[in-house]
Amino acid sequence: MSTSLALQYLVVALAVVVSAGVVAKKQFPGGVRRLRVALAIPLVREGRPAWLRAIGRSIAPTPATSGPGCGGCDNCGPDPHA
Amino acid sequence: MSASAIPLRLALVGNPNSGKTALFNLLTGSRQKVANYTGVTVERKEGRLLAPSGRSYALLDLPGAYSLNPASLDEAITRDLCRGFYPGEPAPDVLVCVVDATNLRLHLRFVLEVRALGRPMVVALNMADAAERRGIRIDREALQHALGVPVVETVAVRHNGAKALVQTLEAIADKPHAPEHALAADADLHEETRRLLSLTVTMPTRTARIDDVLDRWLLHPVIGLVTLSLVMFLIFQAVYAWATPMMDAIEAATAWLGAVVGNAMPAGPLRSLVVDGIIAGLGGVIVFLPQILILFAFILALEESGYLPRAAFLLDKMMAGAGLSGRSFIPLLSSFACAIPGIMATRSIQDPRDRIATIMVAPLMTCSARLPVYALLIGAFIPKQQVAGLLNLQGLVLFALYLAGIVSALLVSFVMKKWRRDKGEHPLLLELPSYRLPHPRDLAIGLWERAMIFLKRVGGIILALTILLWFLLSFPAAPADATMPLIDYSFAGRIGHAMTAIFAPIGFNWQICIALIPGMAAREVAVASLATVYALSAANDDAAAQALAPIISDGWSLATALSLLVWFIYAPQCISTWATIKRETNSWKMMAISAGYLFALAYLASLVTYQLAVAMGAG
């Protein structure tokens, strides 16, 4: 297989994987969220190396709701009165 | 977090259409979060207002309410929240009562109800600019004095339009106090509203005169309905007639782009993906953008002009007979563009029974995503003939398909009405705003937003599905000793052939079966999928570049085409519509009923159509 053809297959494979991700996220957001949680939990357990925990945190979905006291928005930023 | 750091809680309250949400957006910008109130499907919007002083406020946009004596779930939530009785929601520190300055007769009554709660409040005279343009003169200071609460003017659609409101909130934030005046518990609010209006507002006589003259004709039981029919007819004619030049241009641009890219790239899987998959697939969908924009231009213009509520009023009796209400009109009209905003628009229907009935039939309205399928099949199978020397046969078939959707919706809601125990009809309470000329800037913004939504869909879910379908149609490659067409060995080819066991009785071949699957994500993808399937099935590049219509007119029988047309009148909704029904009804059962009955209707109607057509020699 020539390098050009191999590169073409690589680009096609990437496009297909990204497309599958987009479709899954748009059509089945709940399932994708559960999957991300299931993948992230083993990675962030105590005793795991820091880099693995960092990967786990990046895989984990953002919390659906903010804690009490927060204004409720996604990006509170620093509190000027704190 | 310390107690002192807890931000002051403000809540925007007001009648529907007072501009509350626009004001909320202006005050909070992107610092907002949208969710539902616990256990119900009423939207809860909270955001953060950052004042110029650096002080931060939590701002809640409460559901619109005509009264604190609730007639709907929205109004009950607003009442409970204002009183501080809603579970898990602390009482607001200050209520910002937003009123439409052009319609104080209606909105001031609600202000009096809110004031009676005895909580600190500010009145925001929203759309103050529109009131001024119409010659409505409001003595703000006199109103403030008469109400005993601060009154400020706001223009929610203008940058800095809420400056005075923020300054007032800053001033009272340190020391919120209850309203200075209060009415007796048994006071007549209408009487008090009339008194306040006479003291503080001067209305122009001309606006009321124009409204009266127009309403005499447009709300007439006969002339009004004829006018409404003419308006609807004009909209559908315009959608198909006016869009043609733009659609031709987009089609030509797509063909040119495919040829240029095809010549520039070396042969291989990447070229096939880009040319046969992405350009052919997306080009087949983008071509319908002009039609969508024309449809929305009319809907926006009708909405801005104040005509839509009158159309709802005119149709109330007819829709009540079929088990719907006049309030169903606007959601159903929105469903002609897309069922999703239509279903979401049912939130304005206060009665849960009418709301469910509207949600159930909304997918029967012919959404714009079905246009590509209709246009393709009509172009391929219906001859371009004049009927009675005046009407276009293809146009008539299209009109009949739209009509079939509407009639089916009325029949389904009528059957639902017969089945349910509560057969009573609920009165329609509507606010008829003054007529106004639509502002070109507002129309332009609305159309721009609609175009962006469509193009984001094309660049997002539709692009992703097209790539996935191309993959399924191209892999695995056929073996060296292949005897069947190469595409038959692909994943999609095998799935399509397996599906024909179910769909053969209604005349669908495997290519149609394949197109139905991505069509579940977005119905317009069915056409893009057919284009990709036939492009990849073609023996050579010339055949692949051929337009889809002549290919299917040669390859399909008339019975199959008619069956597919009928299928798409009822075709089960896209997955996003299912998700919207689930979210809006908070019920898996409702979603399953909706999907199930539409699939059954589609299959039965297509079966009858196909078998009859075959029996008549069209197979």
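**Group meeting: a walk through chains A and B**

Let's start in the middle of chain B, on strand E6. B:Met121, B:Val123 and B:Leu125 point to one side of E6(B), B:Val122, B:Ala124 and B:Asn126 point to the other, and all of them are buried. That's the pattern you'd hope for, since in a regular strand the side chains alternate between the two faces of the sheet. Put as a count, 6 of the 6 residues in E6, which covers 121-126, are buried, and the strand is mostly covered.

Before I go on: this is a predicted model, so please hear everything today with that in mind.

So what sits beside E6? On one hand there's strand E5, residues 94-100, which runs parallel to E6(B) and is joined to it by 6 bridges. If you want a spot to click on, B:Asp100 stands opposite B:Asn126 of E6(B). Then there's strand E8, residues 151-153, which also pairs with E6(B) in the parallel sense, over 3 bridges. There, B:Leu125 has B:Glu153 in E8(B) as its bridge partner.

Now for the connection. E5(B), H3(B) and E6(B) together make a right-handed β-α-β unit. Just past the end of E6 comes B:Met127, in the loop between E6 and helix H4, which is 128-133. B:Met127 is not a glycine, and yet its phi is positive, about 60°. I flag that because most residues other than glycine have a negative phi, and most peptide bonds are trans. Keep that in your heads, I'll come back to it.

Back to H3, the helix of that unit. B:Leu106 is in H3, residues 104-115. Is B:Leu106 buried, exposed or in between? Its relative accessible area is 30%, so B:Leu106 counts as partly exposed. In space, B:Leu106 is 8.6 Å from B:Thr193, C-alpha to C-alpha, with the two positions 87 residues apart in sequence.

Let's hop over to B:Thr193, then. That residue lies in helix H7, 189-200. B:Thr193 has a relative accessibility of 3%, which is why it counts as buried; the cut-off is under 20%. And what does B:Thr193 touch, leaving out residues up to four places away in sequence? The answer is B:Leu104, B:Arg105, B:Leu108, B:Arg109 and B:Leu112. If you look at the spacing of those numbers, remember that an α-helix has 3.6 residues a turn, so residues three or four places apart point the same way.

Next, a helix pair. H10, residues 244-264, packs against H11, residues 269-286, with the axes 10 Å apart and an angle of about 175°. H10(B) and H11(B) are therefore roughly antiparallel, the cut-off for that being over 145 degrees. Which residues meet there? From H10(B) we have B:Ile250, B:Thr254, B:Leu257, B:Gly258, B:Val261 and B:Gly262, and from H11(B) they meet B:Arg271, B:Val274, B:Val275, B:Ile279, B:Gly283 and B:Ile286.

Moving along to H17, residues 371-381. Of its 11 residues, 9 are buried, so H17 is largely enclosed by the rest of the structure. The buried set is B:Leu371, B:Pro372, B:Val373, B:Tyr374, B:Leu376, B:Leu377, B:Ile378, B:Ala380 and B:Phe381.

Okay, back to backbone oddities, as promised. B:Phe475 and B:Pro476 are joined by a cis peptide bond, with omega at about -5°. B:Pro476 is placed in the loop between helix H19, 440-474, and helix H20, 491-503. Further down the chain, B:Asn586 is another non-glycine residue with a positive phi, near 55°. You'll find B:Asn586 in the loop between helix H26, 575-585, and helix H27, 588-615. With a relative accessible area of 46%, B:Asn586 is partly exposed.

Let me zoom out to whole chains. Chain B comes to 27 helices and 11 strands, and 53% of its 619 residues count as buried. Among its contacts with a separation of 6 or more, 72% are between residues 24 or more positions apart. Chain B exposes about 28,000 Å², with carbon and sulfur atoms supplying 64%.

And chain A? That one has 3 helices and 0 strands, running α-α-α from the N terminus on. Of its 82 residues, 17% count as buried. Among chain A contacts between residues at least 6 apart in sequence, 23% join residues at least 24 apart. The accessible surface of chain A is about 5,800 Å², and 67% of that belongs to carbon and sulfur atoms.

That's my tour, thanks.

Notes:
Residues are numbered from 1 along each chain as its sequence is written. Chains are lettered from A and ligands numbered from 1 in the order in which they are written. This is a predicted model: local features need pLDDT of at least 70, side-chain atom pairs count only at pLDDT 80 or more; totals for chains, interfaces and linings use all residues. Side-chain values use heavy atoms; hydrogens and water are left out. Helices (H or I, at least four residues) and strands (E, at least two) are DSSP runs, numbered from the N terminus. Buried means under 20% relative accessible area, exposed over 50%, partly exposed in between (1.4 Å probe, protein chains only). Contact means heavy atoms within 4.5 Å. Accessible areas come from the Shrake-Rupley method with a 1.4 Å probe; for residues, only the protein chains shown count as cover. Two strands pair if DSSP finds at least two bridges between them. A crossover is right-handed if, with the strands pointing away from the viewer, the path from the first strand over the helix to the second runs clockwise. Axes are lines fitted to C-alpha atoms, for helices over the stretch in contact, and angles run from 0 to 180 degrees between N-to-C directions. Angles under 35 degrees count as roughly parallel, over 145 as roughly antiparallel, 65 to 115 as roughly perpendicular and the rest as oblique.
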